[in-house]
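This report examines side-chain packing, aromatic pairs and charge pairs in one protein structure. The sequence and coordinates are shown first.

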Amino acid sequence: MKTHHYILLTTILFVIVFYDQNPGLNLGIIGIIYSLLTLYRTPEKNRTRVFFFLFVTSILSSVAFAWYGDFPSFLAVASSYLLLAYRSKNRRLKILFLIPVFAINCFTAIFRFFSFDGWLPKKDVPGLWQKTLAFVLIPLLFISIFFAIYSAGSQHFANIFTNVELDINIWQLLAMTVLGFFIAFNYWNFAVEKFIYKNNHILDDEFKEKEAVQKSTYSFLDLDAERMSGVISFFALNVLLIFFIITYNYEQFYEVQKTPAQLSEETHERVNAVIMSIVMAILVIMFYFKSNFNFDPKAGLMKILAKIWIFLNAVLVISAMVKNSEYIINYGFTYKRLGVYAFLILSLIGLVTTFIKIQMKKRNAFLFNTMVWCVYGTILTCSFINWGGFITSENRKRKDFVWEYHQNQINFNEKELLKYAEEKHDNQLKSEIVNSERVKFQQKEKFLSKVLYYQFVK
C-alpha cells in the first residue's frame, strides 16, 4: 500500500470507531491498528530493538487506555505512537527532535496537504481511484467546507435542510473526518526538515576527537582561570550543601511535631526545594563539564569535588525519601505522596546519569537523551499500574481508613472498596459502590465508548 492508502484507510477507521462515541475502547482499538500497520510499513533496516520496544509499548498503552481511559494512559498512548512513528521513519534521529518535528508538521499540515505530489501517486494510478478522487472526494471536501460557511452566514440557507430526516449528525461526522484525516496525514506523511538532519549530530552522546582539544571556553577567561573557578565553585558548594543537609534533616526529624496540614505543606515545600537543588546541581555540572574539562588532565581535583557534590545531593534525595516514607506510615498513601517518590527517583536517576557523564566523558546531550527515556518510562508506569487500587488496598489496612475520601477522591478503586465492604459485612456500602454514578455511567456507555475496568465491577 502507498501512503495515501494508509491515510484513507485509517481516516475511515477513525470515523467508524469515534463517530457518536466517547473515548474508551475505541481509542485502544485504533491504536492497535496503527501499531500493526506501522510494523507492516516500516522497512527492515529501521526495525531495530528500540523500534520493537516501542511497538510493544504502543500496544500495551493502547490496552491500558481501553482498560482505564484516563489522562495518564492517554499520555502514554500519544507519546508511544509519536515515538513509534518517529523511529519508523529514521532510526538515527535523536528523540529530542521529536517535539519540534511534530510541532512543525502540525503547523504545516495545510500546506503539505495541497502539495499533492508529495503524498499522492504521480503515475500509474488506477482509473477507478482517479475517478473516485476527482469526482467524489475532492468535490465532497469543498462542498462540506462551503456548506458550513454558507450555513453560518445565512439562516434561511441552513433551514433548507432542516426538514431532511437523516439520523446522522453532519457536523460531528465532518469534525471526526477532519480530525481523523489530520491525525492520519501527520502520522503517515510527516516530514523531517533538512536542518534537523544537519543538526542531529549535536545531540550525540559521545565527543568527537576535535572536541577534545584543550582550549578556553570564553575569551575573557583562560583555561587555568576557568579550571580554578570550577574548583572554587564546587568546594564552596560542597561546604554549603553539607550545612544545608544538616539543617534540612534537623527540621525534618528533630523539630517539634506539627499538625498533619502543616506537615503536609512543609513536606511538599522541602521536596520542591530538593528537586530544584538537584536540577541546579546538574546544570552547574553541565556548565563546567560541557567539553574541555572532560579531557583536561589537570581537572582531577575539580572532578573529585563534582562527584562529592553529586554524592551529597544523592544523600539529600534519600533524606527526602525517608521523610516521605515516614509521612506515609503516619498518614497513609495519596497520589501526591506517590508523586513525590516519582520525582525524587527521577532526580536520583539524573544524578547517577550525571556521574556517568563525568566518569565516562559523555556530552551534555547524553543527560537529555537518557532522561527523555526515563520520563517516557515513568509515563508508561503511571498508565499501566492501578495506583488508585494500590492506594486503597494499602490504606484500608489502617485503623483510620476513611472510605468516603477514597470513594470520592481516588479513581479505579471500586474493587478494593468492595473488598472492604465484604470485610465489614456492610451490604449497604457494597450496594452504594456498585450503583455509584461513576460505575453506572460507564456500564451504560455504548460498546466502543466503554472503559473496560468498570465492566468488571460487580
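The sections below treat the nonpolar cores, the aromatic pairs, the salt bridges and two glutamates in turn.

## Model and nonpolar cores

The structure is a predicted model. In soluble globular proteins, nonpolar side chains tend to be buried together. Here the largest nonpolar core comprises 44 residues, and Tyr86, Val101 and Trp188 have the most contacts inside it. Seven helices appear as contributors of at least two residues each: H1 (3-18), H2 (25-41), H3 (49-68), H4 (71-89), H5 (98-113), H9 (170-188) and H15 (364-384). The largest share, 7 residues, is supplied by H4.

Tyr86 shows how this region is packed. Beyond residues up to four places away in sequence, Tyr86 touches Leu93, Lys94, Ile95, Phe97, Leu98, Val101, Phe102 and Phe190. A second core, separate from the one above, has 32 residues, including Ile285, Leu305, Ala314 and Leu351.

## Aromatic pairs and charges over rings

A pair of aromatic rings is described by the distance of the centres and the angle of the planes. The whole structure contains 23 aromatic pairs. One of these is formed by Tyr34 and Tyr187, in an edge-to-face arrangement with 4.9 Å centre to centre and 80° between the planes. Because Tyr34 belongs to helix H2 and Tyr187 to helix H9, the pair ties together parts that are 153 residues apart in sequence. Both Tyr34 and Tyr187 are buried.

Ring pairs also join Trp67, Tyr68, Phe412, Tyr453, Tyr454 and Phe456 into a cluster. Two lysines are placed over aromatic rings. Lys89 lies over the face of Phe190, at 5.1 Å from the ring centre. The charged end of Lys362 sits over the ring of Phe366, with 5.6 Å to the centre of that ring.

## Salt bridges between separate parts of the chain

Side chains of opposite charge can pair when their charged atoms come close. A search of the whole structure yields 11 salt bridges. In one of them, Asp20 pairs with Lys446, and the closest N and O atoms are 2.6 Å apart. Asp20 is in the loop between H1 and H2, while Lys446 is in the loop between H20 and H21, so the bridge ties together parts that are 426 residues apart in sequence. Asp20 has a relative accessibility of 39% and therefore counts as partly exposed. Lys446, at 39% relative accessibility, likewise counts as partly exposed.

A further salt bridge joins Lys94 to Asp204, with 2.9 Å between the closest N and O atoms. This pair links distant parts of the chain, 110 residues apart: Lys94 is in the loop between H4 and H5, and Asp204 is in the loop between helix H10 (194-198) and helix H11 (223-253). Lys94 and Asp204 are both buried. Lys94 is also among the residues that Tyr86 touches.

## A salt-bridge network

Arg396 forms a salt bridge with Glu416, the closest N and O atoms lying 3.2 Å apart. Arg396 is located in the loop between helix H16 (387-395) and helix H17 (403-409), and Glu416 in helix H18 (residues 414-423), so the pair ties together parts that are 20 residues apart in sequence. At 17% relative accessibility, Arg396 counts as buried. Glu416 is buried as well, with a relative accessible area of 14%. Through shared partners, salt bridges join Arg396, Glu416, Lys419 and Glu423 into one network.

## Two glutamates

Which side chain of opposite charge is nearest to Glu445? It is Lys446, 7.2 Å away; Glu445 is buried yet has no salt bridge. A salt bridge requires the side-chain nitrogen to be within 4 Å of the carboxyl oxygen. Lys446 itself forms a salt bridge with Asp20. Glu445 is placed in the loop between helix H20 (437-443) and helix H21 (452-455). Not counting residues up to four places away in sequence, Glu445 touches Asn22 and Lys450.

Glu432 lies in helix H19 (residues 427-434). With a relative accessibility of 38%, Glu432 counts as partly exposed. Leaving aside neighbours within four places in sequence, Glu432 is in contact with Trp403 and Gln407. The C-alpha atoms of Glu432 and Leu418 are separated by 9.7 Å, and these residues are 14 residues apart along the chain.

Technical notes: Residues numbered from 1 in each chain as written. Predicted model: local features only at pLDDT ≥ 70, side-chain atom pairs only at ≥ 80, totals over all residues. Heavy atoms only, no water. Helix = DSSP H or I, 4+ residues; strand = E, 2+ residues; numbered from the N terminus. Buried < 20%, exposed > 50% of the residue type's maximum accessible area, 1.4 Å probe, protein only. Lys, Arg positive; Asp, Glu negative; His and termini not counted. Contact = heavy atoms within 4.5 Å. Core = buried A, V, L, I, M, F, W, Y, C linked by side-chain atoms within 4.5 Å. Phe/Tyr/Trp six-rings, centres within 6.5 Å; stacked < 30°, edge-to-face > 60°. Lys NZ or Arg CZ within 6 Å of the ring centre and 35° of its normal.
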